[in-house]
Amino acid sequence: VLLLPTLPPTAAHTTSYPPAAVHTSCCCPHLLLLSTPPAATMATRNLSVVVYAKNDLRIENRPIPEPGPDEVLLKMAKVGICGSDVAYWTKGAIGHFVVKEPMVLGHESAGVVTKCGKNVTSLVPGDRVAIEPGVPCRLCDFCKKGRYNLCPDVYFCATPPDNGNLCQYYTHAADFCFKLPDHVSLEEGALLEPLSVGVHACERAGVTLGSSVLICGAGPIGLVNLLVAKAMGATKVCITDIAENRLKVAKELGADYTVLVKTSDAETLAQEVKEVMGMPDKTIECSGAETSIRLGVLATKSGGVIVLIGHGPEEVKIPVVIAAAREVDIRGVFRYANNYPSSLAMVASGKINVKSLITHRFKLEEADKAFETARTGAGGAIKVMISCD
């Protein structure tokens, strides 16, 4: 166990911290625990899960930040592990987002307000909130048109170089914190983040009453899209995956049909989908795999829509002429915008139950086990939740 000195408090999210005096890298993902001095108390401790580089994940003590005038200081409670967190740990990058300096992970989160900036009137200490992790500039054309997810100057938790909130204390813009009703748990609050991806994707696809929907990929994002599509009135939903256990979960959550992917031949898969559900008018691609994108184009009904959530290789080969000739619209999906309120309303009203997505729970000090479980999918892991208390 190495000791990392505690630095003076700061309001900045992107403060640089000195590396440990001793550290040994290896080729396998691992976690190094950097403990606080024995004299540290809960009032000064801010254990944080930090990725330094590919395969270099550490728990270290960081200063408790002070909220700015329009921010709140949050005692973090629950943080879910996203596939992007695992990717930054095991690959050191996602596309052009590259870990170049130590970065706190975590963005699927909820916490309790402990202190408010001088301009904050919407929240008070003790409020339980879900945290929308992307805070845009509010000034660019994208922000002014309500598409702030496309803001080029957004601060987004756990996307290089921006720190996330898998820690014990964290400051965030008050207007991007959503107060939870008493009957909505903090775990449910943390899951509003992936749920908002599903809401945005279903809106982009135009899912409505009577829609038939194909969902490619039964991971956490595929499953929240299943829940949202059903809540929005889709009458037929088919979901595909390479893992039979995930398809079983999808069936339990309301999928009408499932297709186990056993081949990389998209034409064969499209025929399988057609046999079980006909041709869907909406396809939501959640895997990023080339075969699944090709499947979406081939399986979707003429005049339909395919939306792309999954981010795989930068370039894939798809039958774009077929899509054009059949007027199959191909639309991108990037995060979400203005979807937290509707996501919260769906959970609070009971229209959607996200609690069953959580399969594993760990304490912050067990981050190594939590990330390894999320990486391997051990024990049928779907969503791994960390308690920061």
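Is Asp56 buried or exposed? I began my notes on this predicted model with that residue, and I found that Asp56 is buried, its relative accessible area being 7%.

**Entry 1: the partner of Asp56**

I next looked up what the side chain of Asp56 meets, and I found a salt bridge with the side chain of Arg58, at 2.9 Å from N to O. I then checked Arg58 itself, which has a relative accessibility of 4% and therefore counts as buried, the cut-off being under 20%. I noted beside this that side chains of opposite charge can pair when their charged atoms come close.

**Entry 2: other salt bridges**

I looked up the total and wrote down a count of 12 salt bridges. I followed up two further pairs, starting with Asp127 and Lys179, whose side chains meet at 3.5 Å, N to O. Asp127 sits in the loop between strand E9 (108–116) and strand E10 (128–131), while Lys179 belongs to strand E14 (residues 177–179), so this pair ties together parts that are 52 residues apart in sequence. I also recorded that Asp127 counts as buried, at 9% relative accessibility.

For the other pair I turned to Asp256 and Lys230, which form a salt bridge with their closest N and O atoms 2.6 Å apart. Here Asp256 is found in the loop between helix H6 (244–252) and strand E17 (257–260) and Lys230 in helix H5 (residues 220–231), so the parts tied together are 26 residues apart in sequence. I entered Asp256 as partly exposed, with a relative accessible area of 27%, and I entered Lys230 as partly exposed too, with a value of 28%.

**Entry 3: Thr283**

Which residues does Thr283 contact, leaving aside its neighbours within four places in sequence? I listed Leu214, Cys216, Gly296, Thr300, Val305, Ile306 and Val307. Thr283 has its place in strand E18 (residues 282–285), and at 0% relative accessibility I count this residue as buried. With Thr300 I could add a detail, since a polar contact of 2.7 Å joins the side chains of Thr283 and Thr300.

**Entry 4: Gln168**

I then went to the loop between strand E12 (155–156) and strand E13 (169–173), where Gln168 is placed. Gln168 is buried, with a relative accessible area of 0%, and I noted that its side chain reaches the backbone nitrogen of Leu47 at 2.8 Å.

**Entry 5: helices H1 and H11**

How do the axes of helix H1 and helix H11 cross? I read that the axes of H1 (residues 83–90) and H11 (residues 367–376) come within 10 Å and cross at roughly 100°. Since angles of 65 to 115 degrees count as roughly perpendicular, I therefore describe H1 and H11 as roughly perpendicular to each other. On the H1 side the contact is made by Asp85, Val86, Trp89 and Thr90, and on the H11 side by Phe371, Glu372, Ala374 and Arg375. I sorted the residues of this contact into 4 nonpolar, 1 polar and 3 charged.

**Entry 6: the whole protein**

I closed with the overall figures, and for secondary structure I wrote down 11 helices and 22 strands. Of the 389 residues of the protein, 54% count as buried. Taking the contacts with a separation of 6 or more, I noted that residues 24 or more positions apart account for 70% of them.

How values were computed
Residues numbered from 1 in each chain as written. Predicted model: local features only at pLDDT ≥ 70, side-chain atom pairs only at ≥ 80, totals over all residues. Heavy atoms only, no water. Axes fitted to C-alpha atoms, helices over the stretch in contact; angles between N-to-C directions. Helix = DSSP H or I, 4+ residues; strand = E, 2+ residues; numbered from the N terminus. Parallel < 35°, antiparallel > 145°, perpendicular 65-115°, else oblique. Contact = heavy atoms within 4.5 Å. Nonpolar A, V, L, I, M, F, W, Y, C, P; charged D, E, K, R; others polar. Salt bridge = Lys/Arg side-chain N within 4 Å of Asp/Glu carboxyl O. Buried < 20%, exposed > 50% of the residue type's maximum accessible area, 1.4 Å probe, protein only. Polar contact = N/O pair within 3.5 Å; in protein donor to acceptor, adjacent residues only side chain to side chain.
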